[in-house]
Amino acid sequence: MNLSHLDKDGNITMVDVGDKMTTTRTAIAQGKVVFVSDIYQHIKDTDGMTKKGSIIQTAHIAGIMAAKKTHELIPLCHALPLDTIKMDFEYIDKDCAIVVKATAKVTHKTGVEMEALTAVSLACLTIYDMTKAISHDIEITDIHLIQKTGGKSDYEKL
């Protein structure tokens, strides 16, 4: 198995995408912020409003900003001119959780998986930051790629 960020001698390298075809590429990632039941119910009952402001609105902006700065955070990522980054948030009562989903799209020579994953990660961290004054008993879990399309191969988590 060859890792794309290592050259033939095992040295770290940025992948050369110069000869790749430009295609439309998408990636969807998801993560979950889990609370204890009484804290979750309080957050849901107040529609995510805290003394710091709206949890969801703040996390939404953080996710978009994070996707746009992925190349500044992950050393070997290319800077991408994102076509769009869409953030979705859903309260899941049975898990006492807020599920965060990011969909990134680009027309370029390389994929946007890292942008979608970074958006989800930072949105989840923002939710934690916005709610830690209520409780530190919060877990960020299940951050993963759901789907990617375009490029050499497609992927979908079943």
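# Core and cysteines of a predicted chain

Student: How much of the chain is buried?
Tutor: Buried residues are 39% of the 158 in the chain. Keep in mind that this is a predicted model.

Student: OK. How many helices and strands?
Tutor: Four helices and seven strands.

Student: What pattern do they follow along the sequence?
Tutor: The order is β-α-β-β-α-α-β-β-α-β-β.

Student: And what does the C-alpha trace span?
Tutor: About 55 × 30 × 30 Å along the principal axes of the chain.

Student: What share of the contacts links residues 24 or more positions apart?
Tutor: That share is 72%, counting contacts with a separation of 6 or more.

Student: Let's go inside. How many residues are in the largest nonpolar core?
Tutor: The largest nonpolar core has 31 residues. Those with the most contacts inside it are Phe35, Ile85, Met87, Phe89, Ile98, Val100 and Ile127.

Student: Which elements give two or more residues to this core?
Tutor: On the strand side, S1 (23-35), S4 (84-92), S5 (97-108) and S6 (138-149) do. The helices are H1 (37-45), H2 (55-68) and H4 (113-131).

Student: Which element gives the largest share?
Tutor: H4 does, with seven residues.

Student: Back to Ile127. What is it in contact with, leaving aside neighbours within four places?
Tutor: Ile127 touches Val33 and Phe35, then Ile55 and Ala59. Phe89, Ile98 and Val100 are also in contact with Ile127.

Student: New topic. How many disulfides?
Tutor: The structure holds zero.

Student: Why no bond for Cys77?
Tutor: Because the closest cysteine sulfur, in Cys124, is 18 Å from the sulfur of Cys77. That is too far for a bond. The cut-off for a disulfide is sulfur atoms within 2.5 Å.

Student: And why none for Cys96?
Tutor: Distance again: its closest cysteine sulfur is also in Cys124, 16 Å from the sulfur of Cys96, so a bond is out of reach.

Student: Is Cys77 buried or exposed?
Tutor: Cys77 is buried, at a relative accessible area of 15%.

Student: Cys96, buried or exposed?
Tutor: Buried; the relative accessible area of Cys96 is 16%.

Student: Now the outside. What does the accessible surface come to?
Tutor: About 9,300 Å² for the chain. Carbon and sulfur atoms hold 54% of that surface.

Student: Last one, charges. How many positive and negative side chains?
Tutor: There are 18 positive and 21 negative side chains. The centres of the two sets lie 4 Å apart.

Notes:
Residues are numbered from 1 along each chain as its sequence is written. This is a predicted model: local features need pLDDT of at least 70, side-chain atom pairs count only at pLDDT 80 or more; totals for chains, interfaces and linings use all residues. Side-chain values use heavy atoms; hydrogens and water are left out. Buried means under 20% relative accessible area, exposed over 50%, partly exposed in between (1.4 Å probe, protein chains only). Contact means heavy atoms within 4.5 Å. Accessible areas come from the Shrake-Rupley method with a 1.4 Å probe; for residues, only the protein chains shown count as cover. Lys and Arg count as positive and Asp and Glu as negative; His and the chain ends are not counted. The place of a charge is taken as NZ of Lys, CZ of Arg, CG of Asp or CD of Glu. A nonpolar core is a set of buried Ala, Val, Leu, Ile, Met, Phe, Trp, Tyr and Cys residues joined through side-chain atoms within 4.5 Å.
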